[in-house]
Amino acid sequence: MQKTLSVIDLRAVRANAERIKELACGSEFWAVVKADAYGHGAEEVSRSIEDIADGFCVAIVEEGIALRVAGITKPVLVFTPPLDGYDAARAREYGLTVTVNSAETARLCRGIACHVKVNTGMNRMGCGISELPEILNIAADCAEGVYSHLYAPHDNIASAAQLALFERAARFVKTYRPTAVAHLSASGGLLRGGRYLFDGVRAGILLYGYAPYGFEADVKPALKVYARRAQTTRFSGGGIGYNRADKRYGELGVYRCGYADGFSRTVPLGEKTLCMDSFISQCREDITCVMENADEYAARLATISYEVLTSVTRRSERIYLR
C-alpha cells in the first residue's frame with residue numbers, strides 16, 4: 001500500500017456524538033459532515049451516527065446527494081443557498097433541505113423544504129431581519145427552520161448581541177411557521193449552552209474530537225494518519241531531500257508521505273522540508289504515525305485543526321475501526 005493510511009475510529013465518533021447529545025440538553029443535534037466529514041469520510045461517519053443525530057449538514061448539494069446515495073434518510077441541510085435552477089432541481093430530486101437567504105432564493109426554491117438563514121453578524125451568508133417578511137410571504141409553507149451562526153462564540157459581548165438578534169428573528173419566523181426549528185449554535189455556541197441551544201444545535205469539530213478556539217470539551221480525536229517506509233538507506237553525504245545536510249546521519253528512512261498528501265512542506269515530519277510525495281527521517285518503524293493530534297500539528301502551522309483535518313486525508317486509504 002503506497003498511500004498514507006488514515007485510521008478513523010468510528011467508536012470515538014459515536015462517543016463524541018453521544019456527548020454532544022448530552023450537551024444539547026434535549027435540543028436536536030444536526031451533525032455537520034461537510035468537507036467529507038472534515039476528512040473523516042462523510043458517508044461512513046453519517047451511517048455510524050444516524051441513530052444518534054437528528055439531521056445532517058453539508059456545504060453543497062453534491063455532498064447532500066452523496067449522503068442520499070449512501071442510504072442516509074434523515075434530513076440533510078445544505079448550507080450554501082442554491083445558486084441556480086440546477087442546484088434547486090437536484091435538491092428537490094434528492095429530498096435535501098435548502099438554505100434560503102433572500103427573496104430571490106425563496107422564489108428559486110418554491111416547494112422545497114428550507115431553513116431561512118439570518119445574518120446576525122458573521123456577514124458571510126444570510127438575510128437581514130427586515131427582509132424576513134418578504135421571504136416568508138414566499139416560503140412560509142416550506143420553511144422548516146431558521147438559523148444563524150455565531151462569528152466569535154468565545155466572545156461574551158459579541159455572542160450576547162448576536163443572541164438577541166437571533167431571538168427576534170426566530171420569534172418572527174415562528175409567527176409564520178410555529179414548528180420551525182431555530183438553531184444558532186455550532187460547536188462553540190453548544191458549549192456555551194443555556195439560551196444558545198434553542199431548538200437545535202449544529203456540531204462539526206466536536207464530533208471529530210476537537211473543541212473550537214476558546215473552549216474545552218470532553219471529546220476524543222478520531223483520526224490518526226500513518227506513513228509506510230519505502231526505503232532504508234545509509235547516509236552518503238550531500239543532502240536530505242532537496243536540502244543540504246547540516247550534520248552527518250547514520251541510517252535514514254524514506255517515508256511515503258509528502259506535501260501532496262496535505263502536510264505542510266515547511267513543517268518537518270522528519271529531517272528538513274517535505275518533498276511532494278515523501279519525507280526523510282532517522283530510521284524508525286516500518287510504519288510511523290505522522291499525525292495523531294490535529295491541534296498540535298495545527299499549532300506548528302499557525303493554523304487551526306479544521307484545516308489540518310480536511311487536508312491530511314487527501315490521498316489516504318481509510319481504515320475504519322467499528
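## Close-up views of the predicted model

**View A. Asp36 counts as partly exposed because its relative accessibility is 28%.** The model shown here and in the other views is predicted. Asp36 lies in helix H2, which covers residues 34-39. Its phi is near 55°. That is a positive value in a residue other than glycine. Most residues other than glycine have a negative phi. Helix H2 also supplies at least two residues of the lining of the largest pocket.

**View B. Cys25 sits in the loop between helix H1 (10-24) and strand S2 (28-32).** Its phi, too, is positive, near 55°. Cys25 is not a glycine. How far is Cys25 exposed, and why does it count as exposed? Its relative accessibility is 62%, and exposed means over 50%, so Cys25 belongs in that class.

**View C. Val33 occupies the loop between S2 and H2.** Is Val33 buried or exposed? Val33 is buried, because its relative accessible area is 1% and the limit for burial is under 20%. Leaving out residues up to four places away in sequence, Val33 touches Ala42, Val45 and Ser46. It also touches Phe56, Cys57 and Val58. Leu67 and Tyr208 complete the list. Leu207 is 174 residues from Val33 along the chain. Even so, the C-alpha atoms of Val33 and Leu207 are separated by 9.1 Å.

**View D. Ala59 lies in the loop between strand S3 (55-58) and helix H4 (61-69).** With 21% relative accessibility, Ala59 counts as partly exposed. Buried means under 20%, so Ala59 falls outside that class. Which residues does Ala59 contact, leaving aside neighbours within four places in sequence? They are Lys34, Val78, Phe79 and Thr80. Cys275 gives a distance reference for this view. Ala59 and Cys275 are 216 residues apart along the chain. Their C-alpha atoms are separated by 32 Å.

**View E. Phe279 is in strand S14, residues 279-282.** It counts as buried, because its relative accessibility is 2%. Neighbours within four places in sequence are left aside in its contact list. Ala227, Gly253, Val254, Tyr255 and Cys257 are among its contacts. Further contacts include Leu269, Gly270, Leu274 and Arg284. Thr288 and Val290 are also in contact with Phe279. Gly250 is 29 residues away along the chain. The C-alpha atoms of Phe279 and Gly250 are separated by 16 Å.

**View F. Thr288 is found in strand S15, residues 287-291.** Thr288 is buried, because its relative accessibility is 5%. What does Thr288 touch, not counting residues up to four places away in sequence? Val225, Tyr226 and Ala227 are on the list. So are Tyr255 and Phe279. Tyr255 and Ala227 also appear among the contacts of Phe279.

**View G. The largest pocket holds about 750 Å³ of space.** Its lining comprises 32 residues. Which of these lie nearest its centre? They are Tyr38, His149, Ala186, Pro212 and Tyr306. Helix H9 (187-192), strand S9 (200-203) and helix H11 (305-311) each supply at least two lining residues, as does helix H2. H9 gives the largest share, with 3 residues.

**View H. The largest cavity holds about 40 Å³ of space.** The structure has 1 cavity of 30 Å³ or more. Lys117, Val118, Asn119 and Thr120 are among the residues lining the largest cavity. Met122, Asn123, Arg124 and Met125 line it as well. Ser148 and His149 complete the lining. His149 is also one of the residues nearest the centre of the largest pocket.

**View I. The whole protein, with 11 helices and 16 strands, puts the close-ups in context.** The C-alpha atoms fill a box of roughly 75 × 40 × 35 Å along the principal axes. Buried residues make up 51% of the 322 residues. Consider contacts between residues at least 6 apart in sequence: 63% join residues at least 24 apart. The protein exposes about 14,500 Å². Carbon and sulfur atoms supply 48% of that area. There are 39 positive and 37 negative charges, and their mean positions are 4 Å apart.

Definitions and conventions:
Residues are numbered from 1 along each chain as its sequence is written. This is a predicted model: local features need pLDDT of at least 70, side-chain atom pairs count only at pLDDT 80 or more; totals for chains, interfaces and linings use all residues. Side-chain values use heavy atoms; hydrogens and water are left out. Helices (H or I, at least four residues) and strands (E, at least two) are DSSP runs, numbered from the N terminus. Buried means under 20% relative accessible area, exposed over 50%, partly exposed in between (1.4 Å probe, protein chains only). Contact means heavy atoms within 4.5 Å. Accessible areas come from the Shrake-Rupley method with a 1.4 Å probe; for residues, only the protein chains shown count as cover. Lys and Arg count as positive and Asp and Glu as negative; His and the chain ends are not counted. The place of a charge is taken as NZ of Lys, CZ of Arg, CG of Asp or CD of Glu. On a 1 Å grid over the protein atoms alone, a cavity is a set of points where a 1.4 Å probe fits but cannot get out, and a pocket is an open set with protein on both sides within 12 Å along at least five of seven lines; lining residues have an atom within 4 Å of a point. Grid points are joined across faces, edges and corners, and a volume is the space filled by probe spheres set on the points.
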